[in-house]
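Colleague: I keep meeting labels in this model and would like to know what stands behind them. Could we go through a few together?

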Amino acid sequence: VVGGPVAAPYAYTATGTDPSLRSFDVQHNTFSVSAAEVSFTKVPTAESRIGFRTDLFFGKAADLTAAFEPESDGKEIYKHLQQAYVSLLTGKVQWDAGKFVTPIGTEVIESQDNWNYTRSVLFGYAIPFYHLGVRATLPVTDKVSLSGYLVNGWNNAAEIDGEKTFAIGATLKPTGSLTWVANYMFGKEAEDFDTRNLFDTTLTFAATEKLSFMGNFDYGKEGDVEWWGIAAYAKLQATPSWAVAARYEYLDDTKGGFMTFGTKAQTVTVTSDHTIAGALKARLEYRTDFADEDIFENDEGSFEGSQTTLTVGVVYSFGAGLF
């Protein structure tokens with residue numbers, strides 16, 4: 001299968017400056033092509049046990065996702081490969097080796113697959129984006145799936161210190177309307193660092209055919225440094241072509257500033273999602289971020305306790321079967 005999205009946003013910040021605590025919508029009063037992606041996929045099956053996936057990734061989001069690569073050469077080599085791995089099915093276990101996006105969190109890089117257009121602070125600051133290594137996935141039953149990971153670390157396709165990171169995960173689907181996911185990741189991110197631990201869990205519930213809810217909790221610890229946050233979501237599919245989604249976050253970064261802002265913060269986001277035609281979507285979003293301290297810079301060079309942004313985004317997804 002080949003397919004992928006193209007995302008083009010415009011964002012306006014009331015403070016008159018580039019917004020803070022954002023992942024990809026980082027520029028004020030600017031039209032941009034945030035991301036363009038092409039994916040090639042062959043899923044392994046019992047009849048054909050070898051598969052692969054390659055996601056070619058371009059745009060501002062590709063640069064920002066690769067910004068944490070420890071080596072400058074690695075940024076250029078890997079930033080256009082959002083994912084690139086081969087798969088092997090042995091019995092019921094699927095093995096994947098290569099670069100893949102993280103299993104942590106409830107949001108993903110592709111905006112059309114999220115309920116809101118802008119990403120949560122948890123997505124951009126509390127968890128990794130991607131890993132390079134090996135993972136194994138075992139569907140125990142049709143309701144329970146287990147996974148295990150051995151990877152280089154957080155956002156480093158190129159290994160620099162010889163330390164590895166491990167992760168285990170479980171997905172439970174007790175009913176067709178309820179899904180619970182839990183992941184635990186641990187490992188040293190540098191030879192002289194303490195072990196970094198991250199627990200992540202998400203819960204998704206479809207109350208009706210039109211109304212859904214979702215929750216996400218993350219807790220991280222590295223030595224004396226701690227960070228945690230929770231996000232709650234609601235989505236109403238009012239008509240076949242129009243939905244509205246809301247997200248609330250509470251974040252605590254007071255014990256070490258791992259998420260870079262070093263205080264307590266909250267975000268409120270409301271997104272209107274309209275399908276124009278086929279796979280073409282337009283999104284209008286209002287978002288306010290506010291913190292216990294003045295951390296948001298305004299156009300006068302001083303700082304305020306909140307920022308408000310209005311974002312308009314257009315997303316188009318295409319796909320076709322090749323294999």
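Colleague: Why does T202 count as buried?

Modeller: Its relative accessibility is 8%, and buried means under 20% relative accessible area, with exposed over 50% and partly exposed in between (1.4 Å probe, protein chains only). The value for T202 is under the cut-off, so the label is buried. Before we go on, please note that this is a predicted model, in which local features need pLDDT of at least 70, side-chain atom pairs count only at pLDDT 80 or more, and totals for chains, interfaces and linings use all residues. Residues are numbered from 1 along each chain as its sequence is written, and side-chain values use heavy atoms, with hydrogens and water left out.

Colleague: Where is T202 found?

Modeller: T202 belongs to strand β11, residues 195-206. A strand is a DSSP run of E with at least two residues, and a helix is a run of H or I with at least four, numbered from the N terminus. The C-alpha atom of T202 is 5.5 Å from that of G215, 13 residues apart along the chain.

Colleague: What makes G278 exposed?

Modeller: G278 has 73% relative accessibility, which is over the limit for exposed, so the name fits. You will find G278 in the loop between β15 and β16. The C-alpha atoms of G278 and Y316 are separated by 8.9 Å, with their positions 38 residues apart along the chain.

Colleague: And W95, why is that residue called partly exposed?

Modeller: W95, in strand β6 (residues 93-101), comes out at 40% relative accessibility, which lies in between the two limits and is therefore partly exposed.

Colleague: How do you know that R53 and D55 form a salt bridge?

Modeller: The term asks for a side-chain nitrogen of Lys or Arg within 4 Å of a carboxyl oxygen of Asp or Glu. R53 and D55 have N to O at 3.0 Å, so the pair qualifies. The two ends differ in cover: R53 is partly exposed at 26%, whereas D55 is buried at 0%. The structure holds eleven salt bridges.

Colleague: What makes E222 and R196 another such pair?

Modeller: Their closest N and O atoms are 3.2 Å apart, which is within the limit, so they count as well. This bridge links distant parts of the chain, with E222 in strand β12 (residues 211-222), R196 in strand β11, and 26 residues separating them. Both E222 and R196 are buried.

Colleague: Which residues does the bridge between D289 and R287 join into one network?

Modeller: D289 and R287 themselves meet at 2.9 Å between the closest N and O atoms. Salt bridges that share partners join R22, D25, R287 and D289 into one network. D289 is buried, at 0% relative accessibility, and so is R287, at 1%.

Colleague: Why are some spaces called cavities and others pockets?

Modeller: On a 1 Å grid over the protein atoms alone, a cavity is a set of points where a 1.4 Å probe fits but cannot get out; a pocket is an open set with protein on both sides within 12 Å along at least five of seven lines, and lining residues have an atom within 4 Å of a point. The search of the whole structure gives four cavities of 30 Å³ or more. The largest has a volume of about 160 Å³, and of its 18 lining residues, A7, S34, I109, S111 and R119 are the closest to the centre. β1 gives the largest share of that lining, four residues.

Colleague: How much space lies in the largest pocket?

Modeller: About 1,000 Å³. Its lining has 44 residues, with V101, T102, P103, R135 and Y149 nearest the centre.

Colleague: What makes the surface patch around L310 nonpolar?

Modeller: A patch takes residues with over 30% relative accessible area and no salt bridge; like charges are joined within 9 Å, nonpolar side chains (Val, Leu, Ile, Met, Phe, Trp, Tyr) within 5 Å. L310 has 43%, so it passes the area cut-off. The patch members are Y12, Y248, V268, V270, L284, Y286, L310 and V312, and β15 (264-277), β16 (280-291) and β19 (306-320) each give two or more of them.

Note on methods: Points joined across faces, edges and corners; volume = space filled by probe spheres on them. Areas by Shrake-Rupley, 256 points an atom, 1.4 Å probe, with all protein chains shown as cover.
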